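Here are my notes on the model, point by point. Please keep the structure open while reading.

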Amino acid sequence: MLCGCAKQAYIAQTLDPNTTLAQAQAKSISSESFKQFAIKNGYPASKLPFATWGLEELTLSALFHHADLNVSKAKLALAEANIATAGLQTGIGINGTLARSNRGNGDISPWSYGLQLDIPIATHHKREIRMEEAQHLAEVARMDLAETAWTLRQRLSVDLINYHDHLQKIQQLQSELALYQQLTALFNKRLALGLASTTELSLYTLQQQKSLAALQLAQAQTEGILRTLATDAGLPWATFKVIPMQAMQIETILARQDHALQAQAASVQTQTLLNRIDLRRGLARYAAAESKIKLEVAKQTPDISLSPGYIFEFGDKIWSLGFASLLNLIQQQPTLIKQAELLRAVEGAQFEALQTSIVGQLSHTLAHYQATKQSLDVAKHALLAQQQQHDQLHKQFNAGLIDRVALTQSQLTLSLGAQQVHAAQVQLLRAQAEVENIMQQPLLNNQATANTAALSAQLPLSNDLYQTDDLNEAHTLPAHE
């Protein structure tokens, strides 16, 4: 009986909001554990600590620090623990009896002692089937972790596009404001000479005020956009703001990503269907449903329990062998098997529906990408025509054929054209990001962030473990079939 007693003591672990908040505020990319994580996953040691924030640096930070991954990792740890639980065998039981008689029937001894063992025997490999089902459910949890990691990466990608778009808009508003200030000053001089009306001056003054208000509003929104980036990177604002942002070479990125997309145009649908995390999770859920059917079928054969025993009964020595099993007289199992088969049918239908939906989304996204690409070409041609016209006007200005007002108005028109080109470039960047999101695969792979799910699974479960050196054990995604 002492051998059957538990030896592990209960250890209370309280959840203190102040402690968790302090841990969140203490997150840093300067810790040795984070540096080891970044180096292990392909980031050059010579570039640590980070000099600037780019998508690669932000992704590594999010995979190491973001709290959402702790939730997914905790669920994965629970699912993997369920595999061990499903593999546990039913323990052997022991029964003992002690009795005393008054020797009313002439017993040799007044004492009776008995000892009996209960040995359960599972039939039809039920234990193995339960482990198989638990393994499939653990794969579902692993896909949830992978999806969380990918979602963080995609959010950071969109955040970066929004940030650089915002910076470009500020520059455009500054340029626009300077042009309106020039026009206002020119029309003030014209009005003083009686060569312009107050209506023309009021029009440009109003435009100048609108540009100034838009610029001030945009500048006030900059910190909010950066704070969003800090949150998605899993870092406190005080830590994040110390490092500047990388400049984005938007035309270079657009060209490289377009080239990568065109190179895999013939196989993009196949790659998407093989790489989508939700499809792989659907396959794991379907496999778990299959295991559920196997388990219900196996339960048609009842488990057996053997009960060998020995009794010293009032002077007699008796051995016995008991046998116990459950009689399936009510015939519940066919109903449970049918229910499991219906669950499998639901999982199969959901997988087919998801697959069809993804194919449709991919087709729509690629069509939108091509349309956005054409819009950018149109905007570039329009800007080129405006530039040529402006160059002609500039020559006329140098020749004294037009005044500075006409030249400045042409510059304003050219600035508006440049804004349209930039807006089309940003839309194309967003379209490329949407293609990435549908494929759930970066168009431009880099060694450090190509497999976000594998990286995220390498991290400790909580901030309390961030200082450990055990970063070598990693859960990896199954290889693409």
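Which residues does Trp53 touch, not counting residues up to four places away in sequence?

1. **Trp53.** This is a predicted model. Trp53 touches Ile29, Leu58, Ser61 and Leu235. Its list goes on with Phe240, Ile243, Pro244, Met245 and Gln246. Residues up to four places away in sequence are not counted here.

2. **The largest core.** Trp53 is among the residues with the most contacts inside the largest nonpolar core, which has 36 residues. The others named for this are Phe50, Leu58, Leu229, Phe240 and Met245. Six helices each supply at least two residues of this core: α2, α3, α4 (67-86), α5, α6 (198-232) and α7 (237-240). Helix α5 gives the most, with nine residues. A general tendency fits here: in soluble globular proteins, nonpolar side chains tend to be buried together.

3. **A second core.** Apart from the largest core lies another one, of 20 residues. Among its members are Leu254, Leu261, Ala424 and Leu429.

4. **Helix α8.** This helix covers residues 250-263, 14 residues in total. From its first C-alpha to its last it reaches 20 Å, close to the 20 Å expected at 1.5 Å a residue. Which of its residues are buried? They are Ile250, Leu254, Gln257, Asp258, Ala260 and Leu261. Seen down the axis of α8, these buried residues fall within an arc of 160°, so they line one face of the helix. The general rule behind such a pattern is that an α-helix has 3.6 residues a turn, so residues three or four places apart point the same way. The face turned away from the buried side of α8 carries the exposed residues Glu251, Arg256, His259 and Ala263. Cover for the buried residues of α8 includes α11 (333-398) and α12.

5. **Helix α2.** Ser33, Phe34, Phe37 and Ala38 are buried in α2. Their arc around the axis is only 135°, which puts them on the same side of α2. Just after α2, Gly42 takes a positive phi of about 95°.

6. **A cis peptide bond.** Check the bond from Leu48 to Pro49: it is cis, with omega near -5°. Pro49 sits in the loop between α2 (32-40) and α3 (55-65).

7. **Positive phi outside glycine.** His125 has phi near 55°, a positive value in a residue other than glycine. Gln440 also has a positive phi, of about 55°, although it is not a glycine. Where is each one found? His125 is in the loop between β2 (111-121) and α5 (126-192). Gln440 is in the loop between α12 (404-439) and α13 (452-456). Are they buried or exposed? His125 is exposed, with a relative accessible area of 59%. Gln440 counts as buried, because its relative accessibility is 9% and the cut-off for buried is under 20%.

8. **Ser112.** This residue is in strand β2. It counts as buried, at 7% relative accessibility. Leaving aside neighbours within four places in sequence, Ser112 is in contact with Thr97, Leu98 and Ala99. Ile311, Phe312, Glu313 and Phe314 are also in contact with Ser112.

9. **Ala230.** Helix α6 holds Ala230. At 1% relative accessibility, Ala230 counts as buried. Leaving aside neighbours within four places in sequence, Ala230 is in contact with Leu235, Trp237 and Phe240. Ala230 and Ile337 are 107 residues apart in sequence. In space they are 51 Å apart, C-alpha to C-alpha.

10. **The chain as a whole.** The protein chain has 13 helices and four strands. Why call it more spread out than a compact globule? Its radius of gyration is 36 Å, well over the 23 Å that the globule rule gives for 481 residues. Its C-alpha atoms fill a box of roughly 140 × 45 × 45 Å, taken along the principal axes.

11. **Burial, contacts and surface.** Of the 481 residues, 37% count as buried. Among contacts between residues at least 6 apart in sequence, 80% join residues at least 24 apart. The accessible surface of the chain comes to about 27,400 Å². Carbon and sulfur atoms hold 57% of that surface.

How values were computed. Residues numbered from 1 in each chain as written. Predicted model: local features only at pLDDT ≥ 70, side-chain atom pairs only at ≥ 80, totals over all residues. Heavy atoms only, no water. Buried < 20%, exposed > 50% of the residue type's maximum accessible area, 1.4 Å probe, protein only. Core = buried A, V, L, I, M, F, W, Y, C linked by side-chain atoms within 4.5 Å. Contact = heavy atoms within 4.5 Å. Arc of directions from axis to C-beta. Expected span 1.5 Å × (residues − 1). Rg over C-alpha atoms; globule rule 2.2 N^0.38 Å. Areas by Shrake-Rupley, 256 points an atom, 1.4 Å probe, with all protein chains shown as cover.
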